[in-house]
Amino acid sequence: MKLPPIDTVVVAEKNSVARNIASFLAENDVKTIKVRDVYLYFFKREGRLWAAIGLRGHLMDYDFSERFRNWWSIHPRKLFFVTPARIIREESRIFVYLLRELAKRSRRVILALDADPEGESICFEVMDIMRSANPRLIFERIWFSAVTKQDILNALKSPRKPNIFLAKKCFSRMLLDLVIGASFTRFITLAIKRRAAKLLPARRFLSYGPCQSPVLFLVVKRALERENFVKKKYYSIEAKIDINGKIIKFRYEKEKIEKIDLAKKILNEITASKYGEVIKAEYLRRSVSPPIPLNTVEMERRASRFLNIRPRQCMDLAEALYRNGLISYPRTDTTIYPPTLNLRRLVLMFSKHEVYGEYVTRRILSKHKIVATRGKEDDKAHPPIYPTKSSKLIFVKRKFGEKGMKLYDFIVRHFLSTLSSLALIEKQEIKVKIGGHVFIATGLKILNEGFYEIYPYEKPSEKVLPKTSIGHKARLISARIVEKETRPPPYLSEAELLRLMRIYGIGTDATMQDHIQTNIERGYFFIKNRQCIPTPLGKTIALALYSIVPELVSPEVRGSIEKELSLIASGAKESKEVVENVKARFLKYFDKLAASEEKFARAVIESLKDMRDYWDKATSRKRRR
């Protein structure tokens with residue numbers, strides 16, 4: 001490939017980011033050249049030729065040499081003593097070729113990869129590849145949180161050196177996940193294949209992952225709580241009572257009555273009385289604070305809960321919105337807007353918007369000072385997620401689909417709500433004593449919508465009780481006995497699962513949704529009505545591992561690994577030391593599991609008999625797609 005002399009090459013993580021950066025920096029037109037399915041963007045800046053290229057994530061992976069890839073000839077335990085090599089991904093070979101060609105003709109490279117540990121590790125992959133073609137290259141790293149012209153220009157003014165510690169943290173995690181995941185996956189798969197190969201289809205395998213499996217255990221644990229829950233029948237009494245001319249439904253204050261005879265006795269006593277007396281009339285005003293700024297996990301949780309968008313799809317849509325300059329970088333732990341973020345300027349973008357404009361002008365821009373809510377987390381890398389461009393929803397829908405539009409709308413509303421006023425509600429409670437027994441009714445009235453006006457997702461339903469006071473008479477209209485049962489806890493919702501993963505430190509904001517998706521693809525659990533329901537196989541594998549080596553599925557163990565990896569990022573520990581320590585721990589777990597191979601295999605083989613139909617249905621669903 002023949003290229004002219006190039007002053008500067010910009011390397012981005014995605015094609016759309018490279019295209020946008022080229023358009024922001026170009027003095028005139030941008031010339032686009034396509035090589036296979038990869039685009040190169042050439043443009044002039046300050047009289048010199050620049051080029052931009054967008055990758056597709058990592059260029060390299062860790063993998064074992066050919067000798068150690070044969071599952072049957074190499075015992076899985078040996079993988080703990082092998083150092084995997086970094087290899088070029090097959091799908092990345094065209095990028096490697098183009099980077100080398102660009103390197104030969106260039107003086108400087110601007111690394112515009114995503115500003116996170118993953119992006120930092122890709123920076124070092126790019127540098128290794130390009131230096132092999134041109135050792136004299138100058139590399140500069142720019143760090144930005146939004147793909148807007150101003151953010152890119154500001155980033156160019158203050159380039160930095162790539163952070164080797166962040167990259168080492170990422171590479172160490174990749175290496176550990178490969179060694180641990182491969183050794184245990186091979187072991188448990190071969191344990192079954194040797195005993196019941198017909199039950200495990202040829203291309204199927206049973207996977208283990210140091211993040212994937214603790215996530216499965218959380219799902220199975222809740223399912224077991226449901227299964228072991230013993231329902232208990234009880235009785236209660238509902239009464240309709242006239243309060244100042246308004247008939248209100250009351251419930252028996254003690255709620256649960258174990259014996260039907262006692263319930264009948266209470267019913268007879270109150271119906272004989274006909275009239276009662278108000279013994280409590282409480283109307284408490286309470287302010288409700290707007291939500292705090294949005295980080296990644298909270299975006300995924302709320303998208304699942306409010307928009308019915310799965311976490312994996314939510315992140316894909318958020319990244320597409322980011323790459324096209326509509327929102328800030330969506331992978332962040334921060335819940336505090338930095339002082340450098342011009343909130344008034346951002347709000348002004350929406351002052352003439354067809355949906356948000358009237359609210360923005362009336363409720364936010366009219367304030368003398370815009371004050372935002374604050375969370376407690378700050379990853380020192382990125383601000384919370386916020387909109388960076390005002391766009392008509394119809395345009396967003398055309399480009400990103402219905403769910404993309406819903407997510408953009410949600411992010412805008414969440415941002416505006418963090419700058420909005422408190423809501424004011426009135427919590428109401430009336431207690432009536434009748435026939436010697438107390439009945440209660442609760443209500444709620446919204447006195448001032450505040451942020452609910454722009455953020456309806458958490459707006460409570462009103463149920464307004466009439467005004468009354470202690471001592472007022474109350475007339476019984478009717479009463480009845482209601483038979484009820486105690487309810488088991490629900491299955492884990494995806495939103496709740498993400499919250500638990502965050503608490504335990506399982507995965508990163510970039511990978512949490514991937515660990516959920518891996519379990520689904522392996523047939524370990526499925527999502528129905530936003531709830532995570534384990535399959536017989538998923539349940540058996542999680543419980544069999546827990547009964548033999550509980551550390552393999554314990555959420556706390558993965559959290560402790562993440563803490564050790566963080567020591568690499570801070571420079572407190574060398575990556576080799578952390579990797580060897582973690583490998584040594586998991587080798588002990590491996591030996592313990594291997595000693596009980598027969599017990600593990602027997603349990604799993606039984607559950608595989610129930611999985612044929614599940615896999616057949618999953619395969620047919622894939623074909624239909």
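Which residues line the largest cavity? The lining of the largest cavity consists of Lys14, Asp114, Glu319, Tyr322, Arg323, Tyr329, Pro330 and Arg331. The model is predicted. The protein has 625 residues, of which 53% are buried, and its secondary structure comes to 19 helices and 16 strands. The C-alpha trace spans about 100 × 70 × 50 Å along its principal axes. Among contacts with a separation of 6 or more, 77% are between residues 24 or more positions apart.

**Cavity and pocket**

- The count of cavities of 30 Å³ or more comes to 1.
- The volume of the largest cavity is about 50 Å³.
- Tyr322, one of the residues lining the largest cavity, is also listed among the members of a nonpolar core of 72 residues.
- The largest pocket has a volume of about 1,500 Å³. It is lined by 44 residues, and those closest to its centre are Arg89, Asp177, Thr511, Asp514 and His515.
- Two or more lining residues of this pocket come from each of strand 5 (60-63), helix 3, helix 5, helix 9 (311-323) and helix 14 (512-521).
- Helix 5 gives the largest share of the pocket lining, with 8 residues.

**Nonpolar cores**

- The largest nonpolar core holds 106 residues, and Val11, Met130, Phe184, Leu497, Phe586 and Leu593 have the most contacts inside it. Helix 5 (residues 164-196) supplies the largest share of this core, 15 residues.
- A separate core of 72 residues includes Tyr322, Leu341, Val360 and Ile411.
- Leu593 is in contact with Phe184, Phe187, Ile188, Leu545, Ile548, Val549, Leu552 and Phe600, leaving aside neighbours within four places in sequence.
- Phe184, a contact of Leu593, is itself listed with the residues that have the most contacts inside the largest core.

**Strand 1 and its partners**

- All 7 of the 7 residues of strand 1 (residues 6-12) are buried, so the strand is largely enclosed by the rest of the structure.
- Strand 1 runs parallel to strand 7 (residues 106-112), and 6 bridges join the two. Within this pairing, Val9 stands opposite Val109 of strand 7.
- Strand 1 also pairs with strand 4 (residues 48-54), again in the parallel sense, over 5 bridges. Here Ala12 has Gly54 of strand 4 as its bridge partner.
- In a regular strand, side chains alternate between the two faces of the sheet.

**Helix 3**

- Helix 3 (residues 117-131) has 15 residues, which at 1.5 Å a residue should span 21 Å; the end C-alpha atoms are 21 Å apart, so the expected and modelled spans agree.
- Of the 15 residues of helix 3, 11 are buried, so the helix is largely enclosed by the rest of the structure.
- The buried residues of helix 3 are Gly119, Glu120, Ser121, Ile122, Cys123, Phe124, Glu125, Val126, Met127, Ile129 and Met130.
- Met130, buried in helix 3, is one of the residues with the most contacts inside the largest nonpolar core.

**Individual buried residues**

- Ile561 lies in helix 16 (residues 555-569) and is buried, because its relative accessible area of 1% falls under the 20% cut-off. Not counting residues up to four places away in sequence, Ile561 touches Val582, Arg585 and Phe586.
- Ile561 and Val582 are 21 residues apart along the chain, and their C-alpha atoms are separated by 7.2 Å. Phe586, another contact of Ile561, is listed with the residues that have the most contacts inside the largest core.
- Leu419 lies in the loop between helix 12 (393-417) and strand 12 (423-434) and is buried, with a relative accessible area of 0%.
- Leu419 touches Tyr337, Leu343, Val347, Ile364, Lys367, Ile370, Val371 and Ala372, residues up to four places away in sequence not being counted. Leu419 and Glu377 are 42 residues apart in sequence and 18 Å apart in space, C-alpha to C-alpha.
- Thr468 is found in the loop between strand 13 (437-448) and strand 14 (473-485). Thr468 is also buried, with a relative accessible area of 11%.
- The contacts of Thr468, residues up to four places away in sequence not being counted, are Ile243, Asn244, Val278, Ala281, Tyr283 and Ile430.

Definitions and conventions:
Residues are numbered from 1 along each chain as its sequence is written. This is a predicted model: local features need pLDDT of at least 70, side-chain atom pairs count only at pLDDT 80 or more; totals for chains, interfaces and linings use all residues. Side-chain values use heavy atoms; hydrogens and water are left out. A nonpolar core is a set of buried Ala, Val, Leu, Ile, Met, Phe, Trp, Tyr and Cys residues joined through side-chain atoms within 4.5 Å. Buried means under 20% relative accessible area, exposed over 50%, partly exposed in between (1.4 Å probe, protein chains only). Helices (H or I, at least four residues) and strands (E, at least two) are DSSP runs, numbered from the N terminus. Contact means heavy atoms within 4.5 Å. The expected span of a helix is 1.5 Å times one less than its number of residues. Two strands pair if DSSP finds at least two bridges between them. On a 1 Å grid over the protein atoms alone, a cavity is a set of points where a 1.4 Å probe fits but cannot get out, and a pocket is an open set with protein on both sides within 12 Å along at least five of seven lines; lining residues have an atom within 4 Å of a point. Grid points are joined across faces, edges and corners, and a volume is the space filled by probe spheres set on the points.
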